[in-house]
Amino acid sequence: MGLPDDYDLCVESTSRQSSSTSGYCNSIGGCQIYEGDCDTHADCKGDLVCRPNVGYAIGESDTTDV
C-alpha cells in the first residue's frame, strides 16, 4: 500500500481470515480482500493481488501478506 506503519485506515467491517501458515490462502480456495497470509497473486480471489508485509494496515503482523 505504500503507507507508513503508523497510518490508520478505514476498511470494511467484514471478518477477516488470517493465518501465518504458508499456503493458507491456497488451502481455502483463495483469500478475499483484507485476508491473508497469501504467497502469490494466485492465492487471491478474482483480480485481487497479494501485497507483501502490509498486515499492519489491517491490524495483523507487519510480516503478514494481504
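Below are worked exercises on a predicted model of one protein chain.

**Exercise 1. The chain as a whole**

Describe the secondary structure, burial and surface of the protein chain.

*Solution.*
Step 1. Take the secondary structure. The chain has 1 helix and 0 strands.
Step 2. Take burial. Of the 66 residues, 32% are buried.
Step 3. Take the surface. About 4300 Å² is exposed, and 47% of that comes from carbon and sulfur atoms.
Step 4. Add the contact range. Consider contacts between residues at least 6 apart in sequence: 24% of them join residues at least 24 apart.

**Exercise 2. Disulfides**

Find which cysteines are joined by disulfides, and give the handedness of each link.

*Solution.*
Step 1. Apply the sulfur cut-off of 2.5 Å. The count comes to 2 disulfides.
Step 2. Identify the pairs. Cys25 is joined to Cys31, with an S to S distance of 2.0 Å. Cys38 is joined to Cys50, also with S to S at 2.0 Å.
Step 3. Locate the second pair. Cys38 and Cys50 both lie in the segment after helix 1, so their bond ties together parts that are 12 residues apart in sequence.
Step 4. Read the torsions. The S-S bond of Cys25 and Cys31 has -90°, a left-handed link. For Cys38 and Cys50 the torsion is about 90°, so this disulfide is right-handed.
Step 5. Write the pattern. With the bonded cysteines numbered in sequence order, the pairing is 1-2, 3-4.

**Exercise 3. The unpaired cysteine**

Decide how Cys44 stands with respect to disulfides, then compare burial across the cysteines named here.

*Solution.*
Step 1. Start from the pairing, which is 1-2, 3-4 for the bonded cysteines. Cys44 is in no disulfide, and its nearest cysteine sulfur belongs to Cys38, 4.3 Å away.
Step 2. Set that distance against the cut-off. A disulfide needs sulfur atoms within 2.5 Å, so the 4.3 Å between Cys44 and Cys38 does not qualify.
Step 3. Check burial against the limit of under 20%. Cys44 has 11% relative accessibility, so Cys44 is buried. Cys25 is buried at 0%, and Cys31 is buried at 0%. Cys38 and Cys50 are buried as well.

**Exercise 4. A buried acid and a lysine**

Glu35 is buried: which side chain of opposite charge is nearest, and what does the side chain of Glu35 reach?

*Solution.*
Step 1. Place the residues. Glu35 is in the segment after helix 1. Lys45 lies in that segment after helix 1 too.
Step 2. Test for a salt bridge. The nearest side chain of opposite charge is that of Lys45, at 7.8 Å. The limit is 4 Å, so Glu35 has no salt bridge.
Step 3. Look for a polar partner of Glu35. Its side chain reaches the backbone nitrogen of Gln32 at 2.7 Å.
Step 4. Do likewise for Lys45. The Lys45 side chain reaches the backbone oxygen of Gly29 at 3.3 Å.
Step 5. List the surroundings of Lys45. Beyond neighbours within four places in sequence, Lys45 is in contact with Gly29, Gly30, Cys31 and Gln32. Its C-alpha atom is 9.7 Å from that of Asn26, 19 residues away along the chain.
Step 6. Classify Lys45. Its relative accessibility is 34%, so Lys45 counts as partly exposed.

**Exercise 5. A backbone angle**

State what stands out in the phi of Tyr34, and whether Tyr34 is buried or exposed.

*Solution.*
Step 1. Find Tyr34. The residue lies in the segment after helix 1, which spans 24–27.
Step 2. Read phi. For Tyr34 it is near 65°, a positive value in a residue other than glycine.
Step 3. Classify. Tyr34 has 18% relative accessibility, so it counts as buried.

How values were computed: Residues numbered from 1 in each chain as written. Predicted model: local features only at pLDDT ≥ 70, side-chain atom pairs only at ≥ 80, totals over all residues. Heavy atoms only, no water. Helix = DSSP H or I, 4+ residues; strand = E, 2+ residues; numbered from the N terminus. Buried < 20%, exposed > 50% of the residue type's maximum accessible area, 1.4 Å probe, protein only. Contact = heavy atoms within 4.5 Å. Areas by Shrake-Rupley, 256 points an atom, 1.4 Å probe, with all protein chains shown as cover. Lys, Arg positive; Asp, Glu negative; His and termini not counted. Polar contact = N/O pair within 3.5 Å; in protein donor to acceptor, adjacent residues only side chain to side chain.
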